Amino acid sequence: MSVSVNKRVSVPSAVEDIGILALGGTKKGLPAGFRSRAVSNAEEGFDVIVVLAPIDNQQLAAARSTARNWLAPILDFSGNHRLMADFWDVQLTSASLEEGLLACLPILQRMARLPRLTDGPDRKALCMLGMAYTRATKLEAQLCADRKAGVHYHLLDGLGATHEILDELYTAGLLSRRFFDRTHLCDVCGSSRLNVREVCEGCTSSDVATVSIIHHYRCGHQAPESDFTGTGNNQLHCPKCREQLRHLGVDYSRPGQSFVCNACDERMSDPQISFACMECYGETAADRAETRSWYHYELTSDGEQALMDGQLSHNGLQHMISALQQASSPERFVVVFEQLMSVSKRYKRDLTVGTMQLVDLEAFREEVGSRAAHEALKELSSLVSEVLRETDLLTVVDGHLLLMALPETSISVFYRVEERIREGLVSRAANALQYEFKEATGDEAAQLVREVLQA
Ligand SMILES: [Zn+2]
Ligand SMILES: [Zn+2]
Ligand SMILES: [Zn+2]
């Protein structure tokens, strides 16, 4: 098993050592005592960003990308509320800057515990986890009219579309979540900037008016009020039986409202609800519109661990098992197994090979959901680590088969190992997992290893 050592980020331990990048101006815009610890351009490396004048999110994102660390704290003295900032004040003075830098120290200290976030497929996701970790806070969703999605995470500004990644991180157990709100989506462009209104079911015009309904008791006729006021003299006459309606509650009632389209005259009891997209002007009927659920997120201990590891390879059995003491690569398994085999033959010692094949892992994931599946596989790997001895050999083949070799173990003892795994899984909510054991000794053991590894 290889152990990779991640390079940590060195950060200042005192306010005097904090390197500053001034944005929206030059370092001359900083109070005199702070200019010497400011860099002239982003490439020189800095610890915090101090915003001097209004800038936009793109400028800030560009500066953060060149920083030694995307997670660098941001201090805003420009009154620009739209920027993500860890500290802000309306006035930039020696005192307020000193206070701001002091407030950033805990963030810098937490950054120091993390490996450098390198460019790779997981970088964005790690930045998200890293923001939650270094700010020691939740990732809160909020409604935002500025965004096409209608919802945004202030702390994740500059990281682009975050919805899918957050969802993946939740599924992998790296974030927990709490429901926030649901948005509707334009089925043309996906925007949630939608104008919601009632439209005519005949011609889809939104020029729909509500009208009061009148019910004439004597003849039972029921129609919009305008049908009863045809004479124009404020009196109500039934259009069906011609009788005059005098007293509300005696001659007639007003049972409710109806709708009439001013464009085509269509009458309807329930107009349709429709969304007009403010982005593409497309029209989406409410009953056709897709919805998206939004959540507040919180870092889990697994998420923190992934962050410390600097990688997210969290999904498979492979990853979980490879963290176990007994685990090795299939290549190394073969080498060590051959040694064990020759010792076993020469000295007539017991050696048992066993496999545990997980059957249709994909169907299992679909059945219980990927989060529960992840938990079940974690249970399995910790169970395996408990029942195997330090001297036993273990590897994962194709992500769904555990191959084990147990020196000094007879086949009947291995049956007990199988039994303990079975019992453990039943008691650990992983009982929906389907699997098959196989076991062999002697030449059959070598045959089984060859079969499994196709070597
Ligand atoms: Zn649209
Ligand atoms: Zn109409
Ligand atoms: Zn009538």
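Colleague: How far apart do the C-alpha centres of domain 2 and domain 3 lie?
Modeller: This is a predicted model, and its domain assignment gives domain 1 (15-112), domain 2 (201-270) and domain 3 (317-453). Taking the C-alpha centres of domain 2 and domain 3, the separation is 77 Å.

Colleague: Which helix gives the largest share of the largest nonpolar core?
Modeller: That core has 57 residues, and V48, I49, V50, L75 and L129 touch the most other members. The largest share, eight residues, comes from helix 3.

Colleague: Which residues does I49 touch, leaving out those up to four places away in sequence?
Modeller: I49 is one of the residues that touch the most other members of the 57-residue core. With residues up to four places away in sequence not counted, I49 touches L21, L23, A63, A72, I74 and L75.

Colleague: How many residues does the other core have, the one that includes L448?
Modeller: This core lies apart from the largest one. Among its members are L317, L393, L403 and L448, and its size is 35 residues.

Colleague: Why are the buried residues of helix 11 on the same side?
Modeller: Helix 11 (residues 442-453) has twelve residues and reaches 17 Å from its first C-alpha to its last, close to the 16 Å expected. Its buried residues are A445, L448, V449 and V452. An α-helix has 3.6 residues a turn, so residues three or four places apart point the same way. The buried residues of helix 11 are on the same side because they cover an arc of only 100°.

Colleague: Which residues are exposed on the other side of helix 11?
Modeller: The buried residues pack against helix 7 (330-347), strand 19 (351-358), strand 20 (393-397), strand 21 (401-407) and strand 22. On the other side, the exposed residues are D443, E444, Q447, R450 and E451.

Colleague: Is K438 buried, partly exposed or exposed?
Modeller: K438 lies in strand 22 (residues 435-441) and touches G354, T355 and L448, not counting residues up to four places away in sequence. A residue needs 20 or more other C-beta atoms within 10 Å to be buried, and 12 or fewer to be exposed. K438 has 15, so K438 is partly exposed.

Colleague: Is T137 buried or exposed?
Modeller: T137 is in the loop between helix 3 (123-134) and strand 6 (141-143). The cut-off for an exposed residue is 12 or fewer other C-beta atoms within 10 Å. T137 has 12, so T137 is exposed.

Key. Residues are numbered from 1 along each chain as its sequence is written. Chains are lettered from A and ligands numbered from 1 in the order in which they are written. This is a predicted model: local features need pLDDT of at least 70, side-chain atom pairs count only at pLDDT 80 or more; totals for chains, interfaces and linings use all residues. Domain bounds come from an automatic or database domain assignment. Helices (H or I, at least four residues) and strands (E, at least two) are DSSP runs, numbered from the N terminus. Two residues are in contact if their C-beta atoms, placed from the backbone, lie within 7 Å. A nonpolar core is a set of buried Ala, Val, Leu, Ile, Met, Phe, Trp, Tyr and Cys residues joined through C-beta atoms within 7 Å. The expected span of a helix is 1.5 Å times one less than its number of residues. The arc is that of the directions from the helix axis to the C-beta atoms.
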